[in-house]
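Reader: I'd like a close look at the pockets in this one, and at the strands and helices around them. Could you walk me through it in one go?

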Amino acid sequence: MILYGSYTSPFVRHCRIELLSAELDFEFVDTDYAASDVGSPTKRVPYLHDGDTQLTDSSSILMHLRQKQGLAFISDAAEMDHYMLAGTGLDTAINLFLLEREGQTPANNDYLARQSARVETTLSALNEYDYESSSSLNTAETRTAC
């Protein structure tokens, strides 16, 4: 099994945590923009090759890894909503970071100002969850931690 990604991506980090926690045998290939342009139709990381199975999104990769262990990916709609909330916040923050490197900031773009506000309200909503009541993290809580 080969996981392609970058060490800095929180989406890749979540997949690496799942692989390591499950003690599944895998190779990690540090992947840059040029390689992901060729290796994945989405032109982003992570992507996974596991024999004939090729997956191009962290959510499908995580589902695949959980199924290999005989475990559920997400237990119910509330956990799915929490998972998606964390994913939206991460994706939005990453896009803002990358656009800022190109000189586009919330200060000079109304759409980016809305996206910046989205990150803030998402973080506030994530702070409302009771993380201390769990003895181990579920999929949504791990996504939030990443």
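Author: Let's start with the strands, bearing in mind that this is a predicted model. Strand S1 (residues 2-5) and strand S2 (residues 27-30) run parallel, joined by four bridges. If you want to find the pairing by eye, look for Leu3, which stands opposite Phe28 in S2, and for Tyr4, which stands opposite Val29 in S2. To get from S1 to S2 the chain goes through H1, and this β-α-β crossover is right-handed.

S1 also pairs with strand S3 (residues 47-50): here three bridges do the joining, and the two strands run antiparallel. Ile2 is the residue to look for in this case, as it stands opposite His49 in S3. So much for the strands; now the pockets.

The largest pocket has a volume of about 720 Å³. Its lining takes in 28 residues, and those that lie nearest the centre are Ser9, Phe11, Arg44, Val45 and Ile94. Four helices each give two or more residues to this lining: H1 (10-21), H2 (33-39), H3 (58-68) and H4 (77-101). H4 gives the most, with ten residues. As for chemistry, the lining of the largest pocket divides into ten nonpolar, eleven polar and seven charged residues.

Then there's the second largest pocket, with a volume of about 160 Å³. This one is lined by 14 residues, and Glu18, Arg66, Leu137, Asn138 and Thr139 lie nearest its centre. The elements that give two or more residues to the lining here are H1 and helix H6 (139-145). H1 gives the most this time, with four residues. By class, you get five nonpolar, six polar and three charged residues in the lining of the second largest pocket. H1, then, turns up in the lining of the largest pocket and in that of the second largest, besides sitting on the path between S1 and S2.

Two serines in the helices are worth a click as well. Ser36 lies in helix H2. Is Ser36 buried or exposed? With a relative accessible area of 2%, Ser36 counts as buried, because the cut-off for that is under 20%. Leaving out residues up to four places away in sequence, Ser36 touches Thr31, Lys43, Arg44, Val45 and Tyr47. You've met two of those partners already: Arg44 and Val45 are among the residues that lie nearest the centre of the largest pocket.

The other serine is Ser59, found in helix H3. Which residues does Ser59 contact, leaving aside its neighbours within four places in sequence? They are Phe73, Tyr83 and Arg143. By residue number, Tyr83 belongs to H4 (77-101), while Arg143 belongs to H6 (139-145). For a distance to check in your viewer, take the C-alpha atoms of Ser59 and His14: they are separated by 9.5 Å, with the two residues 45 apart along the chain.

Methods: Residues are numbered from 1 along each chain as its sequence is written. This is a predicted model: local features need pLDDT of at least 70, side-chain atom pairs count only at pLDDT 80 or more; totals for chains, interfaces and linings use all residues. Side-chain values use heavy atoms; hydrogens and water are left out. On a 1 Å grid over the protein atoms alone, a cavity is a set of points where a 1.4 Å probe fits but cannot get out, and a pocket is an open set with protein on both sides within 12 Å along at least five of seven lines; lining residues have an atom within 4 Å of a point. Grid points are joined across faces, edges and corners, and a volume is the space filled by probe spheres set on the points. Ala, Val, Leu, Ile, Met, Phe, Trp, Tyr, Cys and Pro count as nonpolar, Asp, Glu, Lys and Arg as charged, and the others, Gly among them, as polar. Two strands pair if DSSP finds at least two bridges between them. A crossover is right-handed if, with the strands pointing away from the viewer, the path from the first strand over the helix to the second runs clockwise. Buried means under 20% relative accessible area, exposed over 50%, partly exposed in between (1.4 Å probe, protein chains only). Contact means heavy atoms within 4.5 Å.
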